[in-house]
Structure formats: C-alpha cells, structure tokens
Amino acid sequence: MARILPVLVLLALTIFAVVDLTQTGPYDVPYMPKWMWLLVVIFLPAVGPVAWIVLSRLHGMNDGSRDGGGAPPPDDNEDWLRKL
C-alpha cells in the first residue's frame with residue numbers, strides 16, 4: 001500500500017490538472033499556449049501538474065479573471081433597479 005499511494009496521488013493530481021486545463025478559457029492560460037501546457041502536465045509527471053495549478057491560480061489572482069466577473073446581479077445593479 002505504501003508503494004501505490006504516491007502513484008495514486010500523482011495520477012489524481014495529473015487528472016485534476018488536465019481537467020482544470022481543459023476547462024480554462026483561452027485567455028486565462030498563463031505564459032504558454034494551452035496545448036503546450038497539456039504536454040507539460042502529461043509528460044512531466046510531478047512538476048507539470050503542480051506548475052499548472054500554482055501558476056494558473058497566481059495568474060487568476062493577478063488579472064481578476066477567476067473572480068466570476070461580468071455584470072452584477074439585478075439586485076446590485078442600480079440601473080436595473082431604477083427601471084422598476
């Protein structure tokens with residue numbers, strides 16, 4: 001069991017990184033194109049997924065793209081409330 005646990009953790013981390021990468025928008029990908037990140041995540045087993053997770057989160061914090069942006073909900077939008 002002690003031998004298989006690191007393999008399972010690495011596999012889960014890689015799967016998580018690949019799924020997160022495929023769901024990320026094209027303008028939210030930091031430093032490299034999406035296809036290159038996919039190669040890094042798959043072919044560098046320990047470094048690739050960790051690099052993707054850390055750098056994508058830092059990139060999201062810097063440009064505000066992962067905060068759910070867009071228009072405010074109707075009850076917070078003063079223009080919409082004035083129409084009532």
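How many helices and how many strands are there in the protein? The predicted model contains four helices and zero strands. Read from the N terminus, the order of elements is α-α-α-α. The chain has 84 residues, and 18% of them count as buried. Among contacts with a separation of 6 or more, 53% join residues 24 or more positions apart. The exposed area of the protein is about 6,300 Å². Carbon and sulfur atoms supply 69% of that area.

The interior was examined next. The largest nonpolar core has seven residues: A17, L21, V29, W37, V41, W52 and I53. Three helices each supply at least two residues of this core, namely α1, α2 and α3. Helix α2 spans residues 34-43, and helix α3 spans residues 47-63.

A17 is one of the core residues. It sits in helix α1, which covers residues 4-23. The relative accessible area of A17 is 0%. Burial requires a value under 20%, so A17 is classed as buried. Which residues does A17 touch, not counting those up to four places away in sequence? The partners are V41, P49 and W52. Of these, V41 and W52 also appear in the list of core members. W37 is another core member. The C-alpha atoms of A17 and W37 are separated by 9.8 Å, and the two residues are 20 apart along the chain.

Two tryptophans of the core also pair through their rings. The count of aromatic pairs comes to one. W37 and W52 form this pair, with an edge-to-face arrangement. The ring centres are 5.3 Å apart, and the planes meet at 65°. An angle over 60 degrees places a pair in the edge-to-face class. W37 belongs to helix α2 and W52 to helix α3. The two residues are 15 residues apart, and their pairing links distant parts of the chain. Are these tryptophans buried or exposed? W37 has a relative accessible area of 3% and is buried. W52 is buried as well, at 0% relative accessibility.

Charged residues provide a further link between helices. Side chains of opposite charge can pair when their charged atoms come close. The structure holds one salt bridge. R57 forms this bridge with D20, and the closest N and O atoms are 2.9 Å apart. R57 lies in helix α3 and D20 in helix α1, so the bridge ties together parts that are 37 residues apart in sequence. The two partners fall into separate accessibility classes. D20 counts as buried, because its relative accessibility is 12% and the limit is under 20%. R57 is partly exposed, with a relative accessible area of 29%.

Nonpolar residues also occur at the surface. One nonpolar surface patch has an area of about 880 Å². M1, I4, L5, V7, L8, V9, L11, I15 and V19 make up this patch. V19 lies in helix α1, the helix that also holds A17. V19 is partly exposed, with a relative accessible area of 39%. A17, by contrast, is buried at 0%. Helix α1 thus supplies residues to the nonpolar core, and V19 of this helix takes part in the surface patch.

Technical notes: Residues numbered from 1 in each chain as written. Predicted model: local features only at pLDDT ≥ 70, side-chain atom pairs only at ≥ 80, totals over all residues. Heavy atoms only, no water. Buried < 20%, exposed > 50% of the residue type's maximum accessible area, 1.4 Å probe, protein only. Contact = heavy atoms within 4.5 Å. Areas by Shrake-Rupley, 256 points an atom, 1.4 Å probe, with all protein chains shown as cover. Core = buried A, V, L, I, M, F, W, Y, C linked by side-chain atoms within 4.5 Å. Patch = residues over 30% accessible without salt bridge, like charges linked within 9 Å, V, L, I, M, F, W, Y side chains within 5 Å. Salt bridge = Lys/Arg side-chain N within 4 Å of Asp/Glu carboxyl O. Phe/Tyr/Trp six-rings, centres within 6.5 Å; stacked < 30°, edge-to-face > 60°.
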